[in-house]
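Thanks for making time this morning. I would like to take you through one structure, and I will ask you to keep the view on the screen in front of you as I talk.

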Amino acid sequence: MKPNEQLQPTVLAIFGGGGDLTWRKLIPALFDLAQDRGLPAQFAIIAVDRVKFSDQRLRKHLQEGVNKFSRFGKPKAAAWNEFAQHIRYQQGDFKKPATYRALGAACNQLDKEWKTKAHRIFYMATPPSMFGEIPKYLGKAGLARDREHARIVVEKPIGYDLESARALNAVLAASFDESQIFRIDHYLGKETVQNILAFRFANPLFEPIWDRRYVESVFITVAETVGVELRGGYYDHAGALRDMVQNHLMQLLCLVAMEPMVSFEADEIRNKKVDVLHAVRPIHSDEVRLSAVRGQYGPGRHGGKKVPGYREEPGVAPDSATETFAALKLLIDNWRWQGVPFYLRTGKRLPCQVSEIAIHFRAVPHQAFPPDATLGWQPSRLVMCIQPDEGIVLGFQAKYPGPEIQLRPVDMHFNYRESFDAPSPDAYETLLWDVMKNDATLFMREDQVEAAWRILTPVVDVWSATPPSDFPNYPPGSWGPEGAQELLEAGHHWPLPTELRHSRAKARRGKGSDKKS
Ligand code: BG6
């Protein structure tokens, strides 16, 4: 394992160390970090869980996850064994003080062996019902006290509405200072999401037109082809609004709409983001119908296969009113964005997996070209492709070759993979690295979470008070219910996903060194 001198000695205690998130995401990301950037020379993972495991059995189980999910493929036995030595298991009930006493003792023992005071990161990779419990026990055991060395990581969901989010934040704040709390939204760890800030604020080109004078509408789409899979038990109490919009889509909205930051300090960026949320026009209960649309997928065929409807998925109530699709129209009441609609949509069992932000620009103020030259006219648009394609597409009008003036839309493409030969790390690698470096820039602050809930709570309340009469209302492989189109202002249409072109030049060149795009 490569030691990385930027990082301090660290103990990472994972509550839920035997669970799916640890297996699928955390350990593969830590293993990949160890191979790539390196981990602290003095490093230990203590997996805490209720089930019975020996160190050896746990390591074997985690190795299977790494074999499957490491971005470097199945590791060599020697590399895994070296990494695995840093993992140990501690059986314990999350609601028993003895668990925390044992954990504290294990941390103290490591400090003694390492002759230092290591940083202690407590990661809650547990069901959400434990989020309000573990911080209390950590606090009582004195493990939260050291502001410089102790940190806690919380996964989403942070509450299921404004009130419960506030309650959870209060529990966290009772034991930890806000500077010690890292609320994860894995979208913020994605390279392409971080690139939104680089693109907007490292280039003078687009910022002058990034406002209501030039932008007509903004579309944020996060579409998935998968259904709810084996997560019905959780999802049926959440739905698309809580599962995706409150966190991932709201974060994308903030990054697209925020004002330029003055510095790259964590709180400066988070202040600018929270300003956006505060400026979102509240949706009053009697306007929910005009600003939000919900849907649920029925049974049908998808990708050439027969797939069950949401209500037939394991763990889902047969008469479930939970939405698997949500679309919103939001307005931002500030100087920059007055009158520009931001359309957000997300759903499961949609035609393709795509996350992208499309900025549609206004038409020219005066159309000087003859009418038949502009028959194929489309608005100029800038599309930030987040996944699976990673890059940016700029669409504009060009003259079609020939004697007549004929305009046609054309695209310019920036493709991550072609411009940089460096692979993108997984979002969890980036986020775990930042927690170890004590950098909270990419994590959600208490006020951000609450501001996002404030916007969505009227929608959540109206939807739960008025069960839908038309569910299921979209077939698998469609773009959601018809109502999603009606949400849009006249003349606006949800854009089709943009395909990022791979240049033939690259194929000819073969794999080379980094080139400028
Ligand atoms: C999670 C949601 O936060 O994000 C899942 O709980 C969803 O329902 C997932 O599938 C999507 O993440 P990604 O990175 O695959 O777009």
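I will begin with the sheet and then turn to the ligand.

What we are looking at is a predicted model, in which local features need pLDDT of at least 70 and side-chain atom pairs count only at pLDDT 80 or more, while totals for chains, interfaces and linings use all residues. Residues are numbered from 1 along each chain as its sequence is written, and side-chain values use heavy atoms, with hydrogens and water left out.

The sheet is open and has 6 strands in the order β3-β2-β1-β4-β5-β6, with parallel pairing, where strands are DSSP runs of E of at least two residues, numbered from the N terminus, and two of them pair if DSSP finds at least two bridges between them. β3 (87-91) and β6 (181-183) are at the edges with a single partner strand each, so one side of each has no neighbour in the sheet. At the β6 edge, β5 (residues 150-154) pairs with β6 in the parallel sense over 3 bridges, and I152 stands opposite I181 of β6.

Now to the ligand: which residues surround it? They are K156, H186, Y187, K190, E224, R231, D243, M244, H248, K348 and Q387. Among their side chains, those of Y187 and E224 each place an N or O atom 2.5 Å from a ligand oxygen, and for D243 the distance is 2.6 Å, against a cut-off of 3.5 Å for a polar contact between N or O atoms.

Notes: Near = heavy atom within 4 Å. Polar contact = N/O pair within 3.5 Å; in protein donor to acceptor, adjacent residues only side chain to side chain. Helix = DSSP H or I, 4+ residues; strand = E, 2+ residues; numbered from the N terminus.
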